[in-house]
Amino acid sequence: IRKSELLEFIAPAGSIDDIGGLDNLKQWLVKRNGSWLPEAARWGIGSPKGILITGVPGCGKSLTAKCMSSLWGLPLLRLDVGKVFSGLVGSSEQNMRAALRLAEAVAPSILWIDEIEKGFGSATSSSSGDSGTSQRVFGTFLTWLQEKTSPVFVIATANKIDALPPEFLRKGRFDEIFFVDLPTPAEREEIWALHLRRRLAAGEALGSHVPPTPEVVAELARRTDGFSGAEIEQAVVSACFDAFAERRPLGWTDLEHAVRSTVPLSVTQAEQVDT
Ligand code: ATP
């Protein structure tokens, strides 16, 4: 099966070392790698049901899902919550059941429910149809999550935790709930170094780039308070394009310029609150 209406196979990407910061989350995933194998059953520790990752946009939730798939060597299936509630492909509960069955058919597998709040969050939101439908679909999913015996590991991601119904957050539903926030200065250093190293390796033929030494990344981290991981990546890409356009190595001024021209979302939002 390559693709269904509701589920899409996502290619695993990167390794766990491509995630800057988020140490607790990474350790959790590393320790549970292989937990679905018979040798784990002998420990009597059971396979995890799933995790919920919630927090600000661009801070590595989707990246974690993809890296987890490569770390664990399991197929990653992304559930399109919007399509579950679409009237076009049949009833919403049936859609949810069909998606869960498909994930079970390829188990051991990882079922990624992205922006879960869009489907289950507001019982009255138009995306989730009437509130009764939303509740029933949500009930179908939670019952399955509690009772499932096949090794389908759920990774649910949400930007807005307050949009999720409280039942979702009750202890025992998910194995763990991780909150991801804007990176700390030390995490920003890691993220700058990761993205610079990746691009600089690709452009080596151009000559000697500004090296991502501890001093350079510390200075970049200092200048990028409020940046998300995605915004740091954007700044690296934009600086690389400036250099690439002139077929010259990446310089400090390219990075400085890219940082100065990026207004992070966290700042824009803070300004909106102020006015
Ligand atoms: P959204 O809710 O907007 O989907 P997200 O939290 O899922 O946001 P990602 O899609 O994972 O964010 O981040 C976008 C890109 O930003 C990633 O592919 C990655 O290149 C970069 N990025 C974000 N966070 C990190 C991080 N902690 N370490 C390294 N790169 C990061």
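The following paragraphs lead through one helix, one helix pair and one loop residue of a predicted model.

Helix 5, covering residues 92–105, offers a simple check of geometry. At 1.5 Å a residue, its 14 residues should span 20 Å, and the end C-alpha atoms are indeed 20 Å apart, so expectation and model agree. The surroundings of this helix differ from one side to the other. Ser92, Asn95, Met96, Ala99, Leu100, Leu102 and Ala103 are buried. Because these residues cover an arc of only 160° around the axis, they lie on the same side of helix 5. On the other side of the helix, Gln94, Arg101 and Ala105 are exposed.

Attention may now turn to a pair of helices. Helix 9 (residues 185–202) packs against helix 11 (residues 229–245) at an angle of about 35°, and their axes are 10 Å apart. The crossing of the two is right-handed. Helix 9 contributes Arg188, Ile191, Trp192, His195, Leu196, Arg198 and Arg199 to the contact, while helix 11 contributes Gly229, Ile232, Glu233, Ala235, Val236, Val237 and Cys240. By character, the residues of this contact comprise eight nonpolar, two polar and four charged.

The last stop is Phe174, found in the loop that joins helix 8 (166–169) to strand 6 (176–180). Is this loop residue buried or exposed? Its relative accessibility is 6%, and Phe174 therefore counts as buried, the cut-off being under 20%. Beyond its neighbours within four places in sequence, Phe174 is in contact with Gly50, Ile51, Leu52, Phe141, Leu145, Val154, Ala156 and Phe168. As for Ile51, it stands 123 residues from Phe174 along the chain, yet the C-alpha atoms of the two are separated by 5.2 Å.

Notes
Residues are numbered from 1 along each chain as its sequence is written. This is a predicted model: local features need pLDDT of at least 70, side-chain atom pairs count only at pLDDT 80 or more; totals for chains, interfaces and linings use all residues. Side-chain values use heavy atoms; hydrogens and water are left out. Axes are lines fitted to C-alpha atoms, for helices over the stretch in contact, and angles run from 0 to 180 degrees between N-to-C directions. Helices (H or I, at least four residues) and strands (E, at least two) are DSSP runs, numbered from the N terminus. A crossing is left-handed if the near helix is turned anticlockwise from the far one by less than a right angle, and right-handed if clockwise. Contact means heavy atoms within 4.5 Å. Ala, Val, Leu, Ile, Met, Phe, Trp, Tyr, Cys and Pro count as nonpolar, Asp, Glu, Lys and Arg as charged, and the others, Gly among them, as polar. The expected span of a helix is 1.5 Å times one less than its number of residues. Buried means under 20% relative accessible area, exposed over 50%, partly exposed in between (1.4 Å probe, protein chains only). The arc is that of the directions from the helix axis to the C-beta atoms.
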